[in-house]
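Reader: I would like to work through this model step by step, with each answer reasoned from the atoms. Please begin once the sequence and structure are in view.

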Amino acid sequence: MELAGHLVGAGTLVVVAPLLVHRHPELYSSPAAFVPERFIGGSVPNPATWIPFGGGTRRCLGAELALAELEIVLSELVAAFTLEPTDARGERARLAGTVLVPARGATAVLSRRGAAIG
Ligand code: HEM
């Protein structure tokens with residue numbers, strides 16, 4: 001078959017790379033920037049171009065649970081604590097399983113909101 005101008009022979013394994021899809025400048029503006037606000041208020045992410053949980057018949061079975069966990073845990077964390085960067089230099093991302101994580105663990109300063117200063 002012909003796929004995007006390429007001739008794909010029978011039996012060829014074709015895989016989709018979520019990282020490349022999510023970093024595609026025609027799909028996302030400033031794709032490399034950490035801008036979580038890009039998902040606020042707009043329409044539901046397009047399932048064809050937002051694929052952190054894969055897609056098709058092997059799509060992640062825990063996707064809804066993972067999203068619910070993130071919503072609950074992150075909102076509780078942000079309500080109770082502030083997170084600030086240290087003066088450590090920026091770090092690259094590295095692949096851990098199916099996700100990108102900070103290469104050196106992302107040291108940050110965690111402070112309880114409303115705690116006395118000094
Ligand atoms: C942010 C969290 C998570 C991410 C980013 C994630 C991502 C993924 C991805 C990319 C796949 C492969 C999909 C494919 O082959 O197309 C997958 C498969 C799977 N995930 Fe997750 N996952 C997450 C959390 C979870 C949780 C919490 C569970 C279970 C409670 C779970 C259970 C599974 C299972 C069972 C599969 C295999 C599905 C199959 O092969 O039919 N995942 N996940």
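Reader: In the hairpin of S4 and S5, which residue takes a positive phi?

Author: In this predicted model, strand S4 (residues 93-96) and strand S5 (residues 99-102) pair in the antiparallel sense over 4 bridges, and alanine 96 in the hairpin stands opposite valine 99 in S5. The hairpin has 2 residues between the strands, and the one that takes a positive phi, near 65°, is glycine 97.

Reader: Which protein residue is the donor to the iron atom of the ligand?

Author: The closest residues among the 13 that surround the ligand are Phe53, Gly55, Arg58, Cys60 and Gly62. The place of cysteine 60 is in the loop between helix H1 (18-22) and helix H2 (63-80). The iron atom has a single donor from the protein, at 2.2 Å, and that donor is the SG atom of Cys60.

Reader: How far is an oxygen atom of the ligand from an N or O atom in the side chain of arginine 58?

Author: By class, the shell around the ligand has 7 nonpolar, 4 polar and 2 charged residues. A backbone N or O atom of glycine 55 lies 3.3 Å from an oxygen atom of the ligand. For an N or O atom in the side chain of arginine 58, the distance to an oxygen atom of the ligand is 2.7 Å.

Reader: Where does the ligand lie with respect to domain 1 and domain 2?

Author: The domain assignment gives domain 1 (1-60) and domain 2 (65-118), and their C-alpha centres lie 25 Å apart. Because both domains give residues to the shell around the ligand, its place is between domain 1 and domain 2.

How values were computed. Residues are numbered from 1 along each chain as its sequence is written. This is a predicted model: local features need pLDDT of at least 70, side-chain atom pairs count only at pLDDT 80 or more; totals for chains, interfaces and linings use all residues. Side-chain values use heavy atoms; hydrogens and water are left out. Donors are N, O and S atoms within 2.8 Å of the metal (3.2 Å for Na, K and Ca); water is not among the atoms, so sites may look incomplete. A residue is near a molecule or strand if one of its heavy atoms lies within 4 Å of it. A polar contact is a pair of N or O atoms within 3.5 Å; within protein, one must be able to donate a hydrogen and the other to accept it, and residues adjacent in sequence count only if both atoms are side-chain atoms. Ala, Val, Leu, Ile, Met, Phe, Trp, Tyr, Cys and Pro count as nonpolar, Asp, Glu, Lys and Arg as charged, and the others, Gly among them, as polar. Domain bounds come from an automatic or database domain assignment. Two strands pair if DSSP finds at least two bridges between them.
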